Amino acid sequence: VGRSIDRFDLRLGVRNDYFGYLADRDALSVRSNASLKLSAHSRFDLFYGTFAENPANNILEPYQILVRDWLSRLNPIRHRLLRAGYSAGPLKLGLFQKTIDAMPVVTPDFESADAGTITYESNFLRMSSTGRASFYGGSVSLNLKNLWRAHVGIYSSYAYTHAYRVDNGV
């Protein structure tokens, strides 16, 4: 759903993802984008959105078998993104903050181990949806088109990301 009034543009959206094979089957996501046109060639944007992802996607290969074995007891991975951007002609600047919750984490079950006999049950390694990571960053890009003649240009960009909080939930 979107609405434009003069120089201001607002877009809102809601989405439900269904994960029939996970413990928490439904994941409601919201997205909003506000944009203010400052001049004929400049704009300021704000975006906030939540996203849901299957925990079996984008994981390290060694954990693949554990995630798939525990999939019915895991929850969707949740992403929250806040972004601000400014563009003026060929120049674009952006800042963001992102948090990822409910990432699958290997959790040892020490109660199932017997230190005296050095034995453990087959489900000693468990997966839980307790991982969390937070990031912030920024970017700048310059896109100069048609410099000396048509189809000749220069594109340059720099981006920085920093993880400032990682919690595996163990």
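## Salt bridges

By the distance rule applied here, a salt bridge being a side-chain nitrogen of Lys or Arg within 4 Å of a carboxyl oxygen of Asp or Glu, the count comes to five salt bridges. The model is predicted, and the values below are computed from it. Side chains of opposite charge can pair when their charged atoms come close.

One of the salt bridges is formed by Arg43 and Asp45, with the closest N and O atoms 3.8 Å apart. That separation counts because the cut-off is 4 Å. Arg43 has a relative accessible area of 31% and is partly exposed. Asp45, at 15% relative accessibility, counts as buried, because buried means under 20%.

## The network around Asp101

Arg80 and Asp101 meet through their side chains in a salt bridge of 2.7 Å, N to O. This pair links distant parts of the chain, with Arg80 in strand S5 (residues 77-88) and Asp101 in strand S6, 21 residues apart. Arg80 counts as partly exposed at 32% relative accessibility, whereas Asp101 is buried, with a relative accessible area of 15%.

Asp101 also meets the side chain of Arg132 in a salt bridge, at 2.4 Å from N to O. Arg132 lies in strand S9 and Asp101 in strand S6, so this pair ties together parts that are 31 residues apart in sequence. Arg132 is partly exposed, its relative accessible area being 22%. Through salt bridges that share partners, Arg80, Asp101 and Arg132 are joined into one network.

## Strand pairing

Strand S2 (residues 8-18) and strand S3 (residues 26-37) run antiparallel and are joined by eleven bridges. Within this pairing, Leu10 has Ala34 in S3 as its bridge partner.

S3 is also joined to strand S4 (residues 42-53), again running antiparallel, by seven bridges. S3 and S4 form a hairpin, with four residues between them. Two of the positions that face each other can be named: Ser32 stands opposite Tyr48 in S4, and Arg31 stands opposite Gly49 in S4. S4 in turn pairs with S5 in the antiparallel sense, over twelve bridges. Arg43, the salt-bridge partner of Asp45, stands opposite Ser87 in S5.

## Nonpolar core

In soluble globular proteins, nonpolar side chains tend to be buried together. Here the largest nonpolar core has eleven residues: Phe19, Leu22, Ala27, Ala52, Ala56, Leu66, Val67, Trp70, Leu71, Leu74 and Met127. Helix H1 (residues 64-70) gives the largest share of this core, three residues.

Which residues does Trp70 touch, not counting those up to four places away in sequence? They are Asn123, Leu125, Arg126 and Met127. Of these contacts, Met127 is itself listed in the core along with Trp70.

## Nonpolar surface patch

A nonpolar patch of about 1000 Å² lies on the surface. Its members are Leu38, Phe44, Leu46, Tyr86, Leu91, Leu93, Tyr136, Val140, Leu142, Tyr158, Tyr160 and Tyr164. Two or more residues come from each of S4, strand S6 (91-108), strand S9 (125-144) and strand S10 (154-167).

Leu46 is one of the patch residues and lies in strand S4. Is Leu46 buried or partly exposed? At 39% relative accessibility, Leu46 counts as partly exposed. Membership of a patch requires over 30% relative accessible area, so the value of 39% for Leu46 meets that requirement.

## Ser156 and its surroundings

Ser156 is located in strand S10. With a relative accessible area of 41%, Ser156 is partly exposed. Leaving aside neighbours within four places in sequence, Ser156 is in contact with Val140, Ser141 and Leu142. Val140 and Leu142 also belong to the nonpolar surface patch.

Where does Ser156 stand relative to Phe110? The two residues are 46 residues apart in sequence, and their C-alpha atoms are 52 Å apart in space.

How values were computed
Residues are numbered from 1 along each chain as its sequence is written. This is a predicted model: local features need pLDDT of at least 70, side-chain atom pairs count only at pLDDT 80 or more; totals for chains, interfaces and linings use all residues. Side-chain values use heavy atoms; hydrogens and water are left out. Two strands pair if DSSP finds at least two bridges between them. Patches are made of residues with over 30% relative accessible area and no salt bridge: like charges are joined within 9 Å, nonpolar side chains (Val, Leu, Ile, Met, Phe, Trp, Tyr) within 5 Å. Accessible areas come from the Shrake-Rupley method with a 1.4 Å probe; for residues, only the protein chains shown count as cover. Buried means under 20% relative accessible area, exposed over 50%, partly exposed in between (1.4 Å probe, protein chains only). A nonpolar core is a set of buried Ala, Val, Leu, Ile, Met, Phe, Trp, Tyr and Cys residues joined through side-chain atoms within 4.5 Å. Contact means heavy atoms within 4.5 Å.
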